[in-house]
Every structure is written in structure tokens, then in C-alpha cells.
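Trainee: Have you got a minute to go through this one with me?
Mentor: Sure, let's bring it up.
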Amino acid sequence: MVVRVKVQVKKDDVVIETSAIANSGYETDVPEIRIPLTLARELGFDLRGLTSTRYRVVEGFTSTLIIGEVLVRLVTEDKITSWVSAKTVSVPEEYEVILSDKLLDILGIEIVKAGEGLWRFHGEPIDRIRRSVQSQLWV
């Protein structure tokens, strides 16, 4: 299991709620969110003429499409964070939303036990443990 959280992603007036993988191994220089192309379309992005760049991943390199910027916030049963800006990219054939290390930091996500899907907000008491949400695939 991995840590999955519920986020809202906003572009212009469109807000979509979905699960997202909290991936501390997804290292970036700025807050970044990787979204499937299906979600990018639903948010209203024009996918024609996108530029791509090579990203280094564990397996080597992958071609990554640069989509633009969105606002992201974390939603739980008792808390909603402020909107934060995130660079938006997509890797073809990926079907889950993934949050980068810098985006995890700015949203205040602390992974407690990755293999059990447990996490908390930064600053919460040590015994305050939150559980992952169900995965949502964008096919």
C-alpha cells in the first residue's frame, strides 16, 4: 500500500476532487503534480501542441508532458488546506495523480508508515494517524 490522500485540483472555475499518491520519492525543485491526460482534459487544458521534456525516474528516463499550472488543496474529514500553486505535468499511460515531495511539504503531509498507508499533517500530535483513501484511476 502507499499513502493516498484526497485532493481538489482547480483550473479556472473547474474543481475536481480525486485521490493522489503522496510520493516522497518524486523529487522536484518546485511543487509539482502529475496528472493523467484524462484529468487534464476534464480540467479544461488544451492538450494540443504540448511540449515534453525528459524526467529522470528510477527506471531511467521518461517523456513528460508540460501541461501548465493548477491550484491544489488537501481535503480530509476535518480539515481543508489552503490552495497552493503547482506545476502540472503528465506521463502518458499513467492513470493516478501523484504529488511531488515539494508539494507534500507545502500541503503539510507527513508520511508515518508508507507501507500501511498512514500519514498525518505536520504539527499534529504523534498519536493522530490518518489512513489512506481509495485509489481513483483516470482511464
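Trainee: Where is Arg-120 found?
Mentor: Arg-120 sits in strand β9, which covers residues 118–121. Keep in mind that this is a predicted model.
Trainee: And is Arg-120 buried or exposed?
Mentor: Arg-120 has a relative accessible area of 11%, and since buried means under 20%, Arg-120 counts as buried.
Trainee: What does the side chain of Arg-120 reach?
Mentor: There are two backbone oxygens to look at. The side chain reaches that of Pro-125 at 3.4 Å, and that of Arg-128 also at 3.4 Å.
Trainee: Which residues is Arg-120 in contact with, leaving aside neighbours within four places in sequence?
Mentor: Among them are Gly-108, Ile-109, Glu-110 and Val-112. Pro-125 and Arg-128 appear there too, along with Ile-126, Ile-129 and Arg-130.
Trainee: Okay, zooming out. How many helices and strands are in the protein chain?
Mentor: Two helices and ten strands. From the N terminus the order is β-β-β-α-β-β-β-β-α-β-β-β.
Trainee: What is the radius of gyration of the chain?
Mentor: The value is 15 Å, which agrees with the figure near 14 Å for a compact globule of 139 residues. The C-alpha trace spans about 50 × 35 × 25 Å along its principal axes.
Trainee: How much of the chain counts as buried?
Mentor: 43% of the 139 residues do. As for contacts with a separation of 6 or more, 60% of them involve residues 24 or more positions apart.
Trainee: Last one: how far apart are the mean positions of the positive and negative charges?
Mentor: They are 0 Å apart, for 18 positive and 21 negative charges.

How values were computed: Residues numbered from 1 in each chain as written. Predicted model: local features only at pLDDT ≥ 70, side-chain atom pairs only at ≥ 80, totals over all residues. Heavy atoms only, no water. Helix = DSSP H or I, 4+ residues; strand = E, 2+ residues; numbered from the N terminus. Rg over C-alpha atoms; globule rule 2.2 N^0.38 Å. Buried < 20%, exposed > 50% of the residue type's maximum accessible area, 1.4 Å probe, protein only. Contact = heavy atoms within 4.5 Å. Lys, Arg positive; Asp, Glu negative; His and termini not counted. Charge placed at Lys NZ, Arg CZ, Asp CG, Glu CD. Polar contact = N/O pair within 3.5 Å; in protein donor to acceptor, adjacent residues only side chain to side chain.
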